[in-house]
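Colleague: Could you pick one part of this model and take me through it closely? I'd like one connected story, with the cut-offs spelled out as you go.

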Amino acid sequence: MDTNQIMPRPCEFISPHLPPCAVIRPVSTAKAGAVATFAAFSESELFAGQSQGFFDLIFALAARADRAQRELD
């Protein structure tokens, strides 16, 4: 598998029963995860004009998501 793709491409993700979707994988763990994703979105001013409460909530949820562990049967 080529892991150095710059443009996303359709792939099977989560379940083969779902439609194809584009998945962009980070090239390093430092830029992976929900907190890093929302930090990048915030720095790009995607959420310009939102309240501090919005950012507090989003980053709290992102931190919980990063700490979550998948339970496999």
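Modeller: Let's settle the burial words: a residue is buried under 20% relative accessible area, exposed over 50% and partly exposed in between, using a 1.4 Å probe and protein chains only. Bear in mind that this is a predicted model, where local features need pLDDT of at least 70 and side-chain atom pairs count only at pLDDT 80 or more, while totals for chains, interfaces and linings use all residues. Numbering starts from 1 along each chain as its sequence is written, and side-chain values use heavy atoms, with hydrogens and water left out.

The part I'd pick is helix H2. The chain reads β-β-α-α along the sequence, with two helices and two strands in it (DSSP runs numbered from the N terminus: H or I of at least four residues for helices, E of at least two for strands). On pLDDT, the predictor's confidence in each residue from 0 to 100, the chain averages 77, and 60% of its residues reach 70 or more. Among the elements, H2 has the highest mean, 93, and strand S1 (residues 10–11) the lowest, 60.

The geometry of H2 checks out. Its 16 residues should span 22 Å at 1.5 Å a residue (the expected span is 1.5 Å times one less than the number of residues), and the end C-alpha atoms are 23 Å apart, which agrees.

Now look at which way its side chains point. Phe55, Ile58 and Ala62 are the buried residues of H2. They cover an arc of only 70° around the axis, taken from the directions from the helix axis to the C-beta atoms, so they sit on the same side of H2. In general, an α-helix has 3.6 residues a turn, so residues three or four places apart point the same way. Turned away from that buried side is a face with the exposed residues Gln52, Leu57, Arg64 and Arg67.

What does the buried side meet? The buried residues of H2 pack against H1 (contact means heavy atoms within 4.5 Å). For a feel of the spacing, take Ala39, which is found in H1, and Ile58: they are 19 residues apart in sequence and 10.0 Å apart in space, C-alpha to C-alpha. Ala39 is partly exposed, at a relative accessible area of 23%.

The aromatics are worth a look too. Rings of Phe, Tyr and Trp (its six-membered ring) pair if their centres lie within 6.5 Å; planes under 30 degrees apart are stacked, over 60 edge-to-face and the rest tilted. There are six such pairs in the whole structure. One is Phe41 with Phe47, edge-to-face at 6.3 Å centre to centre and 70° between the planes. Phe47 is buried at 18% relative accessible area, while Phe41 is partly exposed at 34%. Ring pairs link both of these with Phe38, Phe54 and Phe55 into a cluster, and Phe55 is one of the buried residues of H2.

Last, the loop between H1 (34–43) and H2 (52–67), where Glu45 lies. Its phi is near 65°, a positive value in a residue other than glycine. Glu45 is exposed, at a relative accessible area of 60%.
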